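Please look through the sequence and the model shown below before reading on. The report that follows begins with a single residue, then turns to the chain as a whole and to some of its parts.

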Amino acid sequence: MVQYFIKRMLQMVPTIFGVLVIVFILVHSVPGDPARMVAGPEASLEEVELVRERLGLNNPLYVQFVDYLLGLLQGDLGTSLRSGRPVAEEILTRFPNTLLLTFISVIILTVVGLFAGIFSATKPNSLRDNTTMMFALFGVSMPNFWFGLMLILAFSYYLPLFPSGGNAGLEHFVLPGLALGLSSSAILARLTRSSILEVIHQDFVRTARAKGLKEKIVIYKHTLKNALIPIITIIGLEFGSLLGGAVLTETVFSINGIGRFLIQSIQFRDYPAVQGCILFIAIIFVLVNIVVDLCYALVDPRVRYE
């Protein structure tokens with residue numbers, strides 16, 4: 001297990017480096033002049049040129065990339081062109097909001113997705129199975145931002161129960177958590193149903209029933225336990241994806257998180273901020289995937305990592 005963990009951590013290095021190269025090239029290929037954005041619309045050409053020189057934008061691209069790498073090795077993600085603050089500080093300031101939104105969303109998607117999947121799988125091809133899967137298909141198909149807007153209309157405008165935006169308190173995260181969690185739970189429900197149906201007809205489940213165990217024990221202790229690996233995979237991927245920033249949902253609900261910061265940085269051509277955000281998201285995603293892989297052995301001892 002330790003060797004596997006070390007091996008996966010080492011595999012992070014080329015992955016993260018590849019992300020860095022691709023993002024650096026793409027960001028610098030976007031049309032627009034960040035020096036003009038920093039200098040302001042009223043600045044003269046001489047002032048813009050001075051800003052470009054100060055930011056090192058006149059240097060060849062490979063020189064800018066090497067300078068960026070040298071900064072990263074010293075723990076420096078650069079300075080935001082828009083705010084003038086260190087990018088690392090900007091990201092860490094917003095990360096708690098994204099983390100809280102992620103936890104709320106993952107709790108909702110896990111509870112709803114597992115319950116719907118089990119509820120559907122225990123009576124396959126019945127009315128409740130078809131109805132549950134119809135709602136799951138609806139959940140998979142609808143965009144998060146549209147569902148978020150519908151929740152704002154229903155529970156903030158017509159029924160003023162929750163605020164429509166902001167991140168001043170826990171109540172501000174209820175609607176965005178529902179928008180993300182319910183949409184993602186549809187995928188988990190369909191996967192849980194198929195995983196349970198694969199396991200439920202195996203011999204050890206028949207043996208458990210033949211021993212006279214209650215159906216709930218057969219489902220939750222024997223069947224669900226053996227169907228957990230794909231379910232953990234989906235929950236882990238969703239967790240990593242949401243930690244990287246639910247871009248549209250944070251924008252719709254005006255949450256000051258990483259996703260919204262990334263959108264604002266792209267609009268401003270804030271190269272260091274965009275690169276820092278995507279690097280942070282990539283590292284989080286890889287780490288979450290390693291944790292998910294390690295969880296496999298805990299859930300199913302048959303999984304080994306030699």
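## Valine 87 and its surroundings

This is a predicted model, and a useful place to enter it is valine 87, a residue of helix 5. With a relative accessible area of 0%, valine 87 is buried, because buried is the word used for anything under 20%.

What does valine 87 touch, once its neighbours within four places in sequence are left aside? Its contacts are Leu77, Gly78, Thr79, Ser80, Pro272, Ala273 and Gly276. Aspartate 76 can also be placed relative to valine 87: the two residues are 11 apart in sequence, and their C-alpha atoms lie 8.2 Å apart in space.

## The chain as a whole

Stepping back, the chain contains 14 helices and zero strands, so a reader who follows the sequence from start to end passes through the pattern α-α-α-α-α-α-α-α-α-α-α-α-α-α. Taken along the principal axes, the box filled by the C-alpha atoms is roughly 85 × 55 × 30 Å.

Of the 306 residues in the chain, 43% are buried. If one considers the contacts between residues at least 6 apart in sequence, 71% of them join residues that are at least 24 apart.

## Helix 5, helix 6 and the loop between them

Helix 5, which covers residues 87–121, and helix 6, which covers residues 127–141, have axes that come within 8 Å of each other and cross at roughly 145°. The crossing in which helix 5 passes helix 6 is left-handed. On the side of helix 5 the contact is made by Ala116, Phe119 and Ser120, while helix 6 supplies Arg128, Asp129, Thr132 and Met133. Sorted by character, the residues of this contact are three nonpolar, two polar and two charged.

The loop between helix 5 and helix 6 holds asparagine 125, a residue other than glycine whose phi is nonetheless positive, near 65°. Is asparagine 125 buried or exposed? Its relative accessible area is 65%, so asparagine 125 is exposed.

## Helix 8 against helix 11

A second pair of helices is formed by helix 8, residues 174–199, and helix 11, residues 228–243, which pack at an angle of about 160° with their axes 9 Å apart. Because of this angle, helix 8 is roughly antiparallel to helix 11, the term being used for angles over 145 degrees. The crossing of these two helices is right-handed.

Which residues of the two helices meet? From helix 8 come Leu180, Ser184, Ile187, Leu188, Leu191, Thr192 and Ser195, and they meet Pro230, Ile231, Ile234, Ile235, Glu238 and Leu242 of helix 11. The residues of this contact divide into nine nonpolar, three polar and one charged. Serine 195, which has its place in helix 8, has a relative accessibility of 6% and therefore counts as buried. Apart from neighbours within four places in sequence, serine 195 is in contact with Ala227 and Pro230.

## Helix 13 and the residues around it

Before helix 13 comes the loop that joins it to helix 12, and serine 254 lies in this loop. The phi of serine 254 is near 55°, a positive value in a residue other than glycine, and with a relative accessible area of 33% serine 254 is partly exposed.

Helix 13 itself runs over residues 258–267, and its buried residues are Ile258, Gly259, Phe261, Leu262 and Ser265. Viewed down the axis of helix 13, these buried residues fall within an arc of 160°, so they line one face of the helix. A general feature of helices is worth recalling here: an α-helix has 3.6 residues a turn, so residues three or four places apart point the same way. After helix 13 comes arginine 269, whose phi is positive and near 60°.

## Arginine 52 in helix 3

Arginine 52 belongs to helix 3, which spans residues 45–55. Its relative accessibility is 18%, so arginine 52 counts as buried, given that the cut-off for buried is under 20%. Not counting residues up to four places away in sequence, arginine 52 touches Asp33, Ala35, Leu57 and Asn58.

Notes
Residues numbered from 1 in each chain as written. Predicted model: local features only at pLDDT ≥ 70, side-chain atom pairs only at ≥ 80, totals over all residues. Heavy atoms only, no water. Axes fitted to C-alpha atoms, helices over the stretch in contact; angles between N-to-C directions. Helix = DSSP H or I, 4+ residues; strand = E, 2+ residues; numbered from the N terminus. Parallel < 35°, antiparallel > 145°, perpendicular 65-115°, else oblique. Left-handed = near helix turned anticlockwise from the far one by under 90°. Contact = heavy atoms within 4.5 Å. Nonpolar A, V, L, I, M, F, W, Y, C, P; charged D, E, K, R; others polar. Buried < 20%, exposed > 50% of the residue type's maximum accessible area, 1.4 Å probe, protein only. Arc of directions from axis to C-beta.
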